[in-house]
Every structure is written in structure tokens, then in C-alpha cells.
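Subject: Structure handover

Hello,

Please find the structure below, as agreed. My notes on what was found in it follow.

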Amino acid sequence: MLANMISIIEDNWLLLLIGQYPNGPLGGIAATLILSVLGIVLAFPLSVLIALARLSSWKLFNWPATALVYTVRGVPLLMLILWVYFLVPLLIGDSVPGFVTMICTLVIYEGAFLSEIVRAGIIALPKGQMDAARALGHSHFAAMRYIILPQALYNMMPSILSQFVSTIKETTLGYVINVPELTFAASQLNNRLLTKPFEIFAILAIVYFIVCWSLSELSEWLEQRIARQRRGLDTEDGSMTPHLKEAA
């Protein structure tokens, strides 16, 4: 079996890497990573706005944001993909490529999940941070922008990276609307060879494991680094970091 897997990789590595590109749309691992990165990057500003709306005392902002988060988090991603796939063309009166549909879906879905990470990061900061900023003359918006959010976002980096790992796995559902990501490329390869499905999907599982495990290790390293900086032990000799010395 191992010999078959090695042979499949040697003969079809380009299909798994970039799909049928340049004779067709970009696919494979490249499309999976592009979908994941765009999904997280585009969802992040939306998640910050949703989190701030959820923290707002104004019901005009709080209630719709809360309803959006609970609705999106309570609906399976596959159903959300199908909603977007069939609803968007009706709204704009034109067809939408599956790749664009998947990005739009990921932005909505990840925006809801990331907003809870952002909200938790803000709540975790001491309340004295905001009080001190307001005492220095900052408006609520300025204090949130220059003091609260930078600290919260830094502390949330491991969680955001973990969500990115989840996004990579969630892109596999793009297969149902013919998005040429890695799972779709593996399916094409299986349809071509017909006789080696176990080996092909074993390769697929190994690739996803390597990518996700590497990012999970990076997330754990970031979390440990942030914890050391909080304790002022980020330098090798155990002394305080420069920015902590300045703060002291």
C-alpha cells in the first residue's frame, strides 16, 4: 500500500498541489490555503464589528449582532453554503462561481465564530484599562481602538490561529458546490484511477494532518510565548522584556 501511495504522489502531485491549473481553475492544496486565508482575513474586520456590537449597551446594535452570532453558530456550515449558493444568484440576478460562494460563506461563518474570540479577549482584560483610558481623556472609541483592542488581539493570536486550522478543514465542504480544493482534486484523482480509493484518501488525510498539526504546534508555541511575556520572562536570562520594563 505504501508503494502505491508513493507512486500516486509521484504521478499526480501537481494535481494535488494546484489542481488543473493552468489548463483549468486553480485547485488542490493551493486553493484550500487561499480559501482559508481569505476566509479568515476578510472575516476578521467583520468579527471585530460584531464583537463590539455585542458588547455595546445599545440594543440597536446588541440584539441584531447577538441574533446573527447565535443563528450562524447554530446552523451547520453545509446548510449555510447551500443557502449562499442558491440565494446570492437570486439576489444579484447572475450566477456566482463556487469559489466566490465559498469565500462569502466562510466570511459569514468565521466572522460569527471569531467575534466570540474577540469578545472574550476584550472581556478578559482588566476593567481598569478602560477606566484609566477614559480618565486620561480618551473617548470610548479611542480607548477601544488604541488601548483595549491591541492588547486583546495580541492575546487572542493562538485562538485565531486555531480557528484558522478549523477553517482549513471546513473548506472540504466546498466539494459539494464543485470548488476545486484539495478534496475535490482527490476525488478527481479517484475517478481517474478507480482502483485505489483507500490510498488516495489516505494521502488526503495525511496532507490535512500535516498542515493542521503544524499550525496547531505554532498556535501552542504562540500561546506559551504570550504566557511568558505576561510573566515578564521572555528573555533567556529570565529578566523582564524591554516593553515590560518601559511599562514598569
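A word on classes before the notes: Ala, Val, Leu, Ile, Met, Phe, Trp, Tyr, Cys and Pro count as nonpolar, Asp, Glu, Lys and Arg as charged, and the others, Gly among them, as polar. With those classes, the lining of the largest pocket divides into 16 nonpolar, 3 polar and 2 charged residues. Please keep in mind that this is a predicted model.

Overall layout

The protein chain has 11 helices and 0 strands. Read from the N terminus, its elements therefore run α-α-α-α-α-α-α-α-α-α-α, where helices and strands are DSSP runs. The C-alpha trace of the protein chain spans about 70 × 55 × 30 Å along its principal axes.

The largest pocket

The space in the largest pocket comes to about 620 Å³. It is lined by 21 residues, and those closest to its centre are Leu-52, Leu-55, Met-130, His-140 and Met-144. Helix H2 (28–55), helix H5 (98–124), H6 and H7 each give at least two residues to this lining. H7 supplies the largest share, 6 residues.

H6 against H7

Two packed helices are described by the angle between their axes and the distance between the axes. For helix H6 (residues 127–135) and helix H7 (residues 140–155), the angle is about 140° and the axes lie 10 Å apart. That makes H6 oblique to H7, and their crossing is right-handed. On the H6 side the contact involves Gln-129, Met-130, Ala-133 and Arg-134, which meet His-140, Ala-143, Met-144, Ile-147, Ile-148 and Gln-151 in H7. By class, the residues of this contact are 6 nonpolar, 3 polar and 1 charged. Met-130, His-140 and Met-144 take part in this contact and are also among the residues closest to the centre of the largest pocket.

H1 against H2

Helix H1 (residues 2–18) packs with H2 at an angle of about 20°, and their axes are 2 Å apart. That makes H1 roughly parallel to H2, because angles under 35 degrees count as roughly parallel. In this pair, Leu-15, Leu-16, Leu-17 and Ile-18 of H1 meet Gly-28, Ile-29 and Ala-30 of H2. The contact has 6 nonpolar residues, 1 polar and no charged ones.

The cavity

Rolling a probe the size of a water molecule over the atoms shows where empty space is left. How many cavities of 30 Å³ or more does the structure hold? There is 1, and the largest cavity has a volume of about 40 Å³. Its lining consists of Ile-29, Thr-32, Leu-33, Ile-168, Leu-182, Val-207, Tyr-208 and Val-211. H2 and helix H10 (197–231) each supply at least two of these residues. The lining has 7 nonpolar residues, 1 polar and no charged ones. Ile-29 thus appears twice in these notes: it lines the largest cavity, and Ile-29 in H2 also belongs to the contact with H1.

Two backbone points

Most residues other than glycine have a negative phi, and most peptide bonds are trans. Tyr-21 and Pro-22 are joined by a cis peptide bond, with omega about 10°. Pro-22 sits in the loop between H1 and H2. Asn-178 is not a glycine, yet its phi is positive, at about 65°. Asn-178 lies in the loop between helix H8 (157–170) and helix H9 (182–193).

Regards

Methods:
Residues numbered from 1 in each chain as written. Predicted model: local features only at pLDDT ≥ 70, side-chain atom pairs only at ≥ 80, totals over all residues. Heavy atoms only, no water. Axes fitted to C-alpha atoms, helices over the stretch in contact; angles between N-to-C directions. Helix = DSSP H or I, 4+ residues; strand = E, 2+ residues; numbered from the N terminus. Parallel < 35°, antiparallel > 145°, perpendicular 65-115°, else oblique. Left-handed = near helix turned anticlockwise from the far one by under 90°. Contact = heavy atoms within 4.5 Å. 1 Å grid on protein atoms, 1.4 Å probe; cavity = no way out; pocket = protein on both sides within 12 Å on 5 of 7 lines; lining within 4 Å. Points joined across faces, edges and corners; volume = space filled by probe spheres on them.
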